[in-house]
Amino acid sequence: GSPTKGSSAAPVTLVEFGEYESEVCAKANEVVKQVLQKYEGDVRFNFRHFPLTGIHQRSLKAAESAVAAGQVGMFWEMHNVLFANRRNLGVTSLKLHSKEAGINNKHFLDELVNATYGWQVQGDLREGINRGVKDVPTFFINDEEFTGEATYADLSKAIDAALKKPKRKVAAKQMA
């Protein structure tokens, strides 16, 4: 499954389609950290990869490296290291970043070179395209596209509104 943070019973699900070379996504990552702290227990966060390879050639391999980190339970550590090093995401650097994130996988570089997890990134990309995502970051709150700015104030306001909406029973959907 895709990486999530927060309680599975949280009444609000925040989904972000983003990528690691984007300055705006890096700022949004800090905002999401604040939001998750403020709404602990009320918000579940899901990050989906949407590499804009036309302008950020290294974003695809960076996304694959995060998925590879997730295979050993270290997605969020790698996620934050990638944003901190967003200007230095070549394949060799990604191997160094994995060590910084605490990942000890001697096959990490081979997995990147061989695109072992590329299919998962492509799955996120397809889902984003199907949902109408064109730019990053794009957020969805309880499956509704968030149209405000990726600021703490705007996201908090939208989450507060989602928390006030009457709960409706939704058939459980399989997450890819």
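Let me start at one glycine. G132 is partly exposed, with a relative accessibility of 31%. You will find G132 in the loop between α6 and β4. Now look across to E30. That residue sits 102 positions away from G132 along the chain, and the two C-alpha atoms are 24 Å apart.

One caution before going on. This is a predicted model. Please keep that in mind for everything I show.

Now the overall picture. The protein has 7 helices and 5 strands. Read from the N terminus, the order is β-β-α-β-α-α-α-α-α-β-β-α. So how does the radius of gyration of the protein fit a compact globule of 176 residues? The rule puts such a globule near 16 Å, and the protein has 16 Å, so the two agree. Along the principal axes, the C-alpha atoms fill a box of roughly 50 × 30 × 30 Å.

What about burial? Of the 176 residues, 46% are buried. The accessible surface is about 9,600 Å². Carbon and sulfur atoms hold 51% of that surface.

Next, contacts. Take those with a separation of 6 or more. Of these, 74% join residues 24 or more positions apart.

And charge. The protein carries 23 positive and 21 negative charges. Their mean positions lie 3 Å from each other.

On to the inside. I want to spend some time on helix α3. That helix covers residues 75-84. Is α3 mostly covered or mostly open? Mostly covered: 7 of its 10 residues are buried. Those residues are F75, W76, M78, H79, V81, L82 and F83. Which elements do the covering? They include β1 at 4-5, α1 at 23-38 and β3. The list also includes α2 at 59-71, α4 at 91-100 and α5 at 108-113. So you can trace cover for the buried residues of α3 to both strands and helices.

Now the aromatics. The model has 8 aromatic pairs. One of them is F45 with W76, a tilted pair. The ring centres are 5.8 Å apart, and the planes meet at 40°. Why does this pair deserve a look? F45 belongs to strand β3, residues 43-49, while W76 belongs to helix α3, so the pair ties together parts that are 31 residues apart in sequence. F45 and W76 are both buried.

A second pair is F139 with F146. This one is edge-to-face. Centre to centre it spans 6.3 Å, with 80° between the planes. F139 and F146 are buried as well.

Back to F45 and W76 for a moment. Both belong to a cluster linked by ring pairs, together with Y20, F47, F75 and F83. Of the cluster members, F75, W76 and F83 are also on the list of buried residues in α3. If you are turning the model on screen, find α3 and pick out those rings.

Next, another glycine. G118 is in helix α6, residues 118-130. Is G118 buried or exposed? Buried, because its relative accessible area is 10% and the cut-off is under 20%. G118 and V35 are 83 residues apart along the chain, and their C-alpha atoms are separated by 29 Å.

Last, some backbone details. Follow the chain past α6, into the loop that leads to β4. P137 is in that loop. The peptide bond from V136 to P137 is cis, with omega near -10°. G132, where I started, lies in this loop between α6 and β4 too.

β4 itself is 138-141. Then comes the loop between β4 and β5, and N142 is placed there. Phi of N142 is near 50°, a positive value in a residue that is not glycine. N142 is partly exposed, at 26% relative accessibility.

D143 lies in the loop between β4 and β5 as well. Its phi is near 70°, again positive in a residue other than glycine. How exposed is D143? Partly, with a relative accessible area of 48%. Strand β5 then runs over 144-145.

To recap. α3 is mostly covered. Ring pairs link a cluster that includes F45 and W76. The bond from V136 to P137 is cis. N142 and D143 have positive phi values. That is my tour.

Methods. Residues are numbered from 1 along each chain as its sequence is written. This is a predicted model: local features need pLDDT of at least 70, side-chain atom pairs count only at pLDDT 80 or more; totals for chains, interfaces and linings use all residues. Side-chain values use heavy atoms; hydrogens and water are left out. Helices (H or I, at least four residues) and strands (E, at least two) are DSSP runs, numbered from the N terminus. The radius of gyration is taken over C-alpha atoms; the globule rule is 2.2 Å times the number of residues to the power 0.38. Buried means under 20% relative accessible area, exposed over 50%, partly exposed in between (1.4 Å probe, protein chains only). Contact means heavy atoms within 4.5 Å. Accessible areas come from the Shrake-Rupley method with a 1.4 Å probe; for residues, only the protein chains shown count as cover. Lys and Arg count as positive and Asp and Glu as negative; His and the chain ends are not counted. The place of a charge is taken as NZ of Lys, CZ of Arg, CG of Asp or CD of Glu. Rings of Phe, Tyr and Trp (its six-membered ring) pair if their centres lie within 6.5 Å; planes under 30 degrees apart count as stacked, over 60 as edge-to-face and the rest as tilted.
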